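Work through the exercises below with the structure open. Try each task before you read its solution.

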Amino acid sequence: MAQQTYYVRDTLAEQQPAPASTTGLVGWMRENLFNGPFNTILTLLALYVIYSVAWPVIEFVFINGVWTGDDRTVCTTAAQGGIQPDGWFGGCWAYVGAYLNQFMYGRYPFEERWRVDISAILLVLALIAVLVPNLPFKRWALLFAAIVFPVATIVLLTGGHFELGGFFFGLSGLAGLSGDFAFFADLAIVALIVAGAGLLAARATGSNPGSVVVPIIAVFVGIGVIMAIFAVDFGLAPVETAVWGGLLVTMVISVTGITVSLPFGVLLALGRRSQMPVIRSLSVIFIEFWRGVPLITVLFMSSVMLPLFLPADTDFDKLLRALIGVALFSSAYMAEVVRGGLQAIPRGQYEGAMALGLTFWQMMRMIILPQALKLVIPGIVSTFIGLFKDTTLVLIIGLFDFLGQIQSSFANPNWASPVQALSGYLFAAFTYWIFTFSMSRYSIYTEQRLHTGHKR
Amino acid sequence: MTDSSQNGGVERTFFLNDPKVRAIIYQVVMVAIVVWAGWSIVDNTATNLNERGIPFGFDFLTAPSGFGINQSLIPYSESSTYGDVYWVGLINTLLVAVIGVFFATILGFLIGIARLSHNWLIARIATVYIEIIRNVPLLLQLFVWYFAVLRLLPAKREALDLGPIGLLNIAGFYAPKPIFGANTWMVGVAILIAIALGIGIRFWARRRQMATGQQFPIGWTFIGLLIVLPLIAYFISGDPITFEYPELARFGPQGGIRVIPEFIGLLLALTLYTAAFIAEIVRAGIMAVSHGQTEAAHALGLRNGPTLRLVIVPQAMRVIIPPLTSQYLNLTKNSSLAVAIAYPDLVSTFTGTALNQTGRAVEIILMTMLTYLAISLLTSAFMNWYNKRVALVER
Amino acid sequence: MKKIIKVALAAAFGLAGVATAQAGTLQDVQAKGFVQCGSNGSLPGFGVPDDQGNWTGLDVDYCRALAAAVFGDPNAVKFTPLSAKERFTALQSGEVDVLSRNTTWTMTRDASLGLNFVGVDYYDGQGFMVRKSLDVSSALELSGAAVCTNTGTTTELNVADYFRANNLDYEVVAFEKGDEVIAAYDAGRCDVFTTDASGLYAERLKLTNPDEHMILPEIISKEPLGPVVRQGDDEWFNVNKWVLNAIINAEDLGVNQANVDQMLGSDNPEIRRLLGAEGTFGEMIGLSNDWAYNVIKMVGNYADIFDRNVGPDTPLGISRGLNALWSKGGILYAPPIR
């Protein structure tokens with residue numbers, strides 16, 4: 001059969017560029033913005049929305065914004081007694097600049113503000129230690145974040161040199177003990193009692209006494225050392241929490257809330273999934289109670305009722321009371337997030353761990369919690385974000401957090417102008433946004449990094 | 001079980017090694033701690049109250065309050081009791097919560113769908129909205145609306161004329177107040193008839209579809225009925241509804257229905273804030289329905305509309321409902337921020353003013369917390385029931 | 001602050017066991033070395049800190065006088081800013097030793113809150129502030145007005161009483177914090193701002209244009225303001241009572257901050273008793289005998305305090321009025337020291 005070839009192309013046809021209407025900006029726009037009448041209308045509508053929202057903002061912030069000035073005249077129109085032309089409407093960033101220090105530190109004494117700065121640096125270091133994966137010396141970094149950082153910041157911010165007091169015997173004057181000595185004596189007594197109980201239990205159950213007693217002693221020695229550091233006079237001037245304010249208070253409350261809520265949340269979540277009916281129902285009651293009431297009532301409770309709950313003469317710092325309220329509240333939310341992770345762990349993991357002969361806490365620590373917490377990292381971060389935003393509520397009970405400090409600056413007639421409030425609030429919104437948005441980005445990053453195995 | 005730890009015939013089991021015994025010990029210790037802590041709190045409180053000469057009891061609820069409240073749906077005056085203050089506050093809370101939930105749901109669904117839109121610009125706008133609103137504290141947004149934005153409205157003695165909608169100024173929104181004529185009942189009856197007809201038609205249409213496979217546009221028919229019938233009744237009865245329009249007077253607009261600015265500010269903030277969260281929930285819900293479902297529906301010959309209505313939405317709703325409920329609860333609890341802008345809700349009037357005036361901190365805070373707790377528990381109970389109803393019945 | 005750790009530990013190791021034997025407030029104060037004073041944090045002329053945290057005001061000066069009497073040092077005092085809501089709880093729970101926060105003495109507060117009013121350091125009455133452009137000259141023309149006020153105060157009750165008694169319509173807008181009230185009034189949310197007349201003068205300073213506002217002549221209530229202490233501690237109650245009386249008596253006797261040293265040599269037995277040159281009046285209340293001398297030397301007599309904080313030469317510009325001495329047309333009167 002003769003091969004009859006009529007036409008065979010022996011070179012590739014020269015590639016033509018895609019039609020102009022489907023490539024480049026025009027093509028992209030046709031594809032994404034103007035494909036069909038309905039979408040075209042939507043696009044035009046969207047453009048109008050952008051114009052009517054974004055433009056005034058840009059105008060307010062940049063075009064009309066005032067960046068320098070000494071008092072209200074630069075931020076008021078001629079009719080209001082200032083230098084701006086009538087009809088002017090712009091951000092008064094000069095006012096924000098003038099108050100920036102107060103927004104950051106509150107009324108923390110000027111000459112002591114370096115302590116806040118150092119605390120902030122420590123916070124950043126601690127965050128790096130916790131958040132950055134694959135850090136060398138991870139163990140030591142975590143130890144720094146969990147122990148060195150909080151102790152150092154407490155001492156730095158308050159000035160340290162706490163008066164310790166006995167809690168069992170010292171106060172009643174028994175054995176004539178008082179002050180720091182009474183505290184350490186009491187601590188030693190408690191340590192001995194607990195260690196003794198542990199020893200007895202270990203003996204009775206036939207486990208290795210050393211493995212029980214040594215950790216107990218270590219914990220108490222740790223407490224003792226930390227307390228000793230608190231009691232030492234480093235020569236720092238004491239700074240009452242009453243003068244703390246601004247971003248400092250916001251950070252103190254959110255960082256404390258976050259650090260406290262995680263361990264408590266894990267405990268509560270374990271309690272809620274416990275086989276023991278009493279522990280389970282207590283956990284359920286605790287969690288549902290705090291989740292069922294608004295934070296503001298919790299803060300009212302901690303600021304008004306907490307002093308009544310404690311024996312007369314225990315006076316609580318106002319900030320500490322708010323911290324307790326926030327910690328209780330966020331622990332309950334954290335517990336529910338952690339529970340979600342625990343429920344997602346297949347039964348086989350529990351059974352496997354038990355088959356290996358691990359104890360409950362070993363199983364939790366080494367098998368279940370690492371997997372469960374990894375699963376719920378996005379939930380944990382969003383709880384943190386919620387907590388960070390909720391710290392603003394403390395201004396209602398009279399603490400001056402970042403927002404509270406900004407609000408209280410409005411009372412000063414020096415900068416009073418119609419745009420003052422809007423400028424202050426925009427600045428606040430921007431600052432909060434930076435924090436929360438970066439947290440949510442971190443959460444997405446971690447989610448992707450840990451996206452191993454569980455999802456197909 | 002307990003015998004399993006016997007080893008080589010040697011009895012090594014101490015009773016503490018028995019998990020059951022341990023569980024009992026743990027629980028007894030736990031109960032002891034809780035009881036002791038609870039008792040010491042109660043005891044301390046009683047001692048403290050006693051020492052400081054503060055009485056405890058709920059008798060103050062029947063005492064006259066003596067202060068005014070600027071928004072009340074039930075009759076309230078200065079001679080009403082603190083008990084009435086509680087109810088006024090609770091109703092105001094529920095009012096803002098219900099209206100807020102309504103608008104937040106609509107807005108949230110719109111934005112959630114917009115974020116999935118094929119229109120790049122629309123999707124971007126929705127994303128930017130969500131990322132900004134979700135990441136700024138609600139209290140700050142509330143302040144912005146109330147102290148910054150509402151400040152830009154005309155002063156109290158002037159007003160922005162919105163024509164037939166009403167007047168708007170810094171002291172609130174003044175809507176025309178409908179005054180019902182003698183024959184208004186006819187309109188009401190017409191609405192009832194329309195609803196009854198709608199139910200009847202739905203019944204009939206479903207039977208027809210079962211029998212013949214033909215569909216009937218129930219929704220449109222129902223909406224048509226609901227509009228046409230009352231309109232006919234309205235005109236037959238001879239224009240029974242007139243409107244009282246607000247007018248400017250010495251201290252600002254008078255007449256009409258007044259909505260206080262605190263309500264507007266709170267509603268705006270709650271709605272916009274919650275809508276951003278609802279939008280994310282809706283998006284996640286829709287994305288949770290696999291694309292195969294759409295393809296299968298299309299393969300069966302369903303067009304886009306019915307695919308969405310009959311296939312996607314019912315499945316997405318199952319994912320959406322539980323987190324949506326918790327957003328509704330959050331909105332209700334967040335309405336307590338009203339205290340910061342003087343909207344007379346439960347926290348502001350009762351836990352605020354009433355507490356300050358009576359000094360009965362323990363009783364009042366307890367009542368407030370239990371009220372919110374009851375609201376959440378009731379909602380959760382309802383939602384659990386609903387969830388069980390719609391839950392996927394798996395093999 | 002110092003007690004934080006102790007309390008946190010107490011909470012950790014169990015709630016019981018921290019209660020100490022209840023010592024008197026005076027001993028507590030002497031032991032810790034300063035007076036903890038609850039004050040208003042945002043009322044110019046009465047209690048407000050500046051940017052550096054230095055407190056000034058009439059209420060604040062009372063606490064300084066107390067510190068001067070107890071320690072001979074007017075700076076041995078720490079201030080806690082309190083809202084209207086927190087103030088009584090803070091005092092009841094022992095967070096503050098004395099509450100000097102423009103607090104009105106009423107029967108309910110005296111009888112049912114477990115508190116004792118020390119006396120009156122400022123005779124006040126509730127008034128109204130309106131915009132001049134509103135063109136009213138009397139509170140009776142305010143029917144239909146919106147009134148901004150602070151929640152949890154006697155003010156809120158008085159305004160309700162007044163408008164009801166005169167059959168006037170009104171709308172009350174009650175805020176939790178003082179700054180919010182004045183901000184809402186400044187924004188035009190309300191036609192009327194009401195609080196104690198002294199407060200009106202103070203708050204007016206915070207307005208964008210103070211000159212556009214006027215204070216109506218009506219005073220609708222009696223508002224005797226004074227320091228408050230806890231009930232059941234008569235010793236501390238006495239110290240407070242007599243510090244206040246000494247301040248007033250000093251003015252009565254013509255002893256002031258400037259001339260107190262010369263007055264030490266006075267022949268007038270009343271002055272000699274006041275300044276501790278005669279008798280042991282200080283010891284009677286558990287203080288040193290030069291307690292009143294310290295108060296007057298370091299803080300001043302009533303006129304000094306008044307003029308410095310709220311008097312005609314201050315931005316507030318309040319005249320003595322009711323707060324003049326009984327002998328000068330006012331009602332200020334203190335029991336004698338003898």
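**Exercise 1. Check the length of helix H1 (residues 19-51) of chain B against the span expected for its 33 residues.**

Solution. This is a predicted model. Start with the count: H1(B) has 33 residues. The expected span is 1.5 Å times one less than that number. That gives 48 Å for H1(B). Now take the end C-alpha atoms, which lie 47 Å apart. The two values agree. Then step past the helix. Just after H1(B), Gly53(B) has a positive phi of about 70°.

**Exercise 2. Decide whether Arg309(B) counts as buried or exposed.**

Solution. First place the residue: Arg309(B) sits in helix H9 (residues 304-334) of chain B. Next, count its C-beta neighbours inside 10 Å: there are 12. The cut-off for exposed is 12 or fewer. Arg309(B) therefore counts as exposed. For a sense of distance, go on to Tyr343(B), which is 34 residues from Arg309(B) along the chain. Their C-alpha atoms are separated by 40 Å.

**Exercise 3. Find which residues touch the most other members of the largest nonpolar core.**

Solution. The core holds 271 residues. Leu142(B) and Val295(C) touch the most other members. Helix H7 (residues 261-288) of chain B provides the largest share of this core, 15 residues. Now look around Leu142(B), leaving out residues up to four places away in sequence. Its contacts are Gly265(B), Leu266(B), Ala269(B), Leu337(B), Ala340(B) and Ile341(B). Another core, of 5 residues, lies apart from the largest one. Its members include Leu164(A), Ala182(A), Phe183(A) and Leu187(A).

**Exercise 4. Describe the side of chain A that touches chain B.**

Solution. Begin with the totals: 47 residues of chain A meet 51 residues of chain B. Then list helices of chain A that each supply at least two residues to this side: H2 (37-63), H6 (179-205), H9 (277-292), H10 (295-309) and H16 (420-449). H16(A) gives the most, with 10 residues. Last, sort the side by class: 36 residues are nonpolar, 10 polar and 1 charged.

**Exercise 5. Work out how domain 1 and domain 2 of chain C are placed and joined.**

Solution. Take the bounds from the domain assignment. Domain 1 covers 4-123 + 225-328, and domain 2 covers 126-221. Over C-alpha atoms, the centres of these two domains of chain C are 30 Å apart. Their contact takes 17 residues from domain 1 and 14 residues from domain 2. On the domain 1 side, 9 residues are nonpolar, 7 polar and 1 charged.

Key. Residues numbered from 1 in each chain as written. Chains lettered and ligands numbered in written order. Predicted model: local features only at pLDDT ≥ 70, side-chain atom pairs only at ≥ 80, totals over all residues. Core = buried A, V, L, I, M, F, W, Y, C linked by C-beta atoms within 7 Å. Buried ≥ 20, exposed ≤ 12 C-beta atoms within 10 Å, placed from the backbone. Helix = DSSP H or I, 4+ residues; strand = E, 2+ residues; numbered from the N terminus. Contact = placed C-beta atoms within 7 Å. Nonpolar A, V, L, I, M, F, W, Y, C, P; charged D, E, K, R; others polar. Domains from an automatic or database assignment.
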